[in-house]
Every structure is written in C-alpha cells, then in structure tokens.
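Notebook open, structure loaded. I'll start with the whole chain, then go through the charges and the odd backbone angles.

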Amino acid sequence: NGHPVVAFDGTNFLVVWQKYINNSYNIYGTRVSPDGQVLGEFLIFTSTGGQVSPTIAFDGNNSLVVWSDTRTGSGPSDDTNIYGTRVTPQDVVLDPLGIPVCSAGGMQDTPVLAFDGNNYFAVWTDGRIYEGSIGQIPGFDIYGTRIATDGTVLDVDGIPINTVQYMDFNGKANPSITFDGSNYFVAWQTGSYINHPPGGIFATWVSPAGQVITKDMGEDGLSISGPPSGYWYPSSPYPPSKYFYPVTELGTNNMFVTWMNERDLNGIAKDIRAALLPVP
C-alpha cells in the first residue's frame, strides 16, 4: 500500500491509496469517522496495468478521485494517462469504467486536484512533446483541466500551465494545487542543481476559467524558493542542493509553501524549507 490521500465530506473522511494486489496496483479507499473508527475498505478502481498516485477532492456532494493509469503495463510509459471516478459518501463508485481526464500522447503523471465551489481543477506533469523518450530522463511540462461535478472533462486536450523547455533532466515535476478563494495556486519543482538553471520551486495562479495569470511573473513562473545553493563538484565547500515536493496551503490572506531541500553529500541531512507569500 502507498500514496495515501484524504478528504473530508462533512461527515467522514475518505482515505484513498494505491494497493498492490494480484501483481498490479489498484485504487482502494476507506471511510474513517471523526473519532477515528475505520468503517471498511472498498475497491474504487481496478483495470489492466497499474493505477497509482491517487488524489482526491470533495465537491459538497461527492468526491472525485483521480490517478495515474497505465492500462498496458506497470508504467510509467507513453501509455500512462490520467483517469478518475466520482465516489458518493455511501462508497458508491459512479464511474466504474473511469473518466479519461487526459489521454494525450506521451506520459501524464502525478496528478493533484482541488475544487473551487463550481468545478474541479486537476493538474499533472505532462510529457506529450517527449513521446517516445521515456527512459531517457525527458523533461516534463505542467498541464491541467477543469472537471465538472458530473464528471465532464471541460478542457479535453488540457490547459498548458507551464511549457517552457529546458535541457532534458531539468524538467518540471511534483505539482501541488490550492484554491485561494478566487484563483488556483499551482506550484511545482523545476530542475536540479544551480549549475543547470532554472532550479527551485516555481508557481503561478490559474483562474477558475482556466486562464493562466502571468502578470509580474517570468516565463518560468513565480520563483518561490530562489535557486538551490551549492555546486556539484568534488572540491566544493558548499554542498549542492535540489528542491523537491512542494506543498501548498492557504492561510489568512497568504499562501504557505513548503518543500524539501535535498543535499547530496553523505552525512548531511535533508531539511524542510518554506515561504509565505500574499494572495494577490
């Protein structure tokens, strides 16, 4: 079991995860009461290949569960796409065949999800322009789509959120999303060491209509972390850093962003960093 995510429906929590069973990963869930009582595991989705990396949001009536899906094998591959299904508070799966959220060429992976009061917005890493390059460390872009509460995908080809091209191993990964009451805030990691700029945590706002808000931002997006520190060469006195796994959360008129600082020198621990920025 792995990659647990959770949402609250007003009565109970719905915990969702990927479960390895019968030689493949499928999507399972369970309700958990506010007092911590586990109310019973149930299957959310199974198909050929593997279903992994679920994400979840609640719309006031049902939950939407979205995941990375490789129907032809274990993935990741060019056949890895984004699928989803709606789940009622009574554990009824409303879309048993799955909703194809994005099935563009190349690999789509690591989805995240938020709800704005009218529609969902799913965001993922997208390798459509690198189709055929899996295994060669291709870079990725950030795409998204709006999804209606009835499961209709409103932007079938996806909305390009950030598609600036860098050298192959300097791509974007691990998006995070939060709705700030007016717009979506989407953050991601870019690149690796300072030797290969840009590197660090970047972000942008996206309107509920799916428009990327680029005012006062460079083409790489809004720099949240600044570039990683240190350099990668044996005699460097400064241990090199890479920034990974941004997580975003809305506070009172501010967005809080945290990420992991990974320092690639034996004996030096990782640490967690953060930034606070005002909501425009």
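**Whole chain**

I looked up burial first: of the 280 residues in the protein chain, 55% count as buried. Note to self that this is a predicted model.

Next I pulled the secondary structure. The protein chain has zero helices and 20 strands. I then checked the radius of gyration, which is 19 Å, close to the 19 Å from the globule rule for 280 residues, so the chain is as compact as a globular protein of that length. Along the principal axes, the C-alpha atoms fill a box of roughly 60 × 45 × 40 Å.

I also wanted the sequence range of the contacts. Taking those between residues at least 6 apart in sequence, 43% join residues at least 24 apart. For the surface, I have about 12700 Å² exposed by the protein chain, with carbon and sulfur atoms supplying 53% of that.

**Charges**

I tallied the charged side chains: 12 are positive and 26 are negative. The centres of the two sets lie 4 Å apart. The salt-bridge count comes to 11.

**The R31 cluster**

Which residues are linked with R31 in a network of salt bridges? I found D9 and D91, so to speak, on either side of the list: D9, R31 and D91 make up the network.

I took the D9 link first. The side chains of R31 and D9 meet in a salt bridge at 3.0 Å, N to O. This pair links distant parts of the chain, with R31 in strand β3 (residues 24-32) and D9 in the loop between β1 (2-8) and β2 (13-21), 22 residues apart.

Then I looked up the D91 link. D91 and R31 meet through their side chains in a salt bridge at 2.7 Å, N to O. Distant parts of the chain are linked here as well: D91 is in the loop between β7 (80-87) and β8 (99-102), R31 is in strand β3, and 60 residues separate them.

Are the three buried or exposed? I get a relative accessible area of 2% for R31, so R31 is buried, the cut-off being under 20%. D9 counts as buried too, at 13% relative accessibility. D91, at 26%, counts as partly exposed.

**K270 and E262**

I picked one more bridge from the list. The side chains of K270 and E262 meet in a salt bridge at 4.0 Å, N to O. I note that a salt bridge is counted within 4 Å, so this pair sits at the cut-off as printed. K270 counts as partly exposed at 49% relative accessibility, whereas E262 is buried with a relative accessible area of 17%.

**Positive phi**

I went through the backbone next. Most residues other than glycine have a negative phi, and that is my reason for writing down the exceptions here.

Where does H3 lie? I find H3 in strand β1. Phi of H3 is near 55°, a positive value in a residue other than glycine. At 40% relative accessibility, H3 counts as partly exposed.

N253 goes on the page as well. N253 is not a glycine, yet has a positive phi of about 65°. I place N253 in the loop between β18 (241-250) and β19 (254-263). With a relative accessible area of 61%, N253 is exposed, since the cut-off for exposed is over 50%.

Terms used
Residues are numbered from 1 along each chain as its sequence is written. This is a predicted model: local features need pLDDT of at least 70, side-chain atom pairs count only at pLDDT 80 or more; totals for chains, interfaces and linings use all residues. Side-chain values use heavy atoms; hydrogens and water are left out. Helices (H or I, at least four residues) and strands (E, at least two) are DSSP runs, numbered from the N terminus. The radius of gyration is taken over C-alpha atoms; the globule rule is 2.2 Å times the number of residues to the power 0.38. Buried means under 20% relative accessible area, exposed over 50%, partly exposed in between (1.4 Å probe, protein chains only). Contact means heavy atoms within 4.5 Å. Accessible areas come from the Shrake-Rupley method with a 1.4 Å probe; for residues, only the protein chains shown count as cover. Lys and Arg count as positive and Asp and Glu as negative; His and the chain ends are not counted. The place of a charge is taken as NZ of Lys, CZ of Arg, CG of Asp or CD of Glu.
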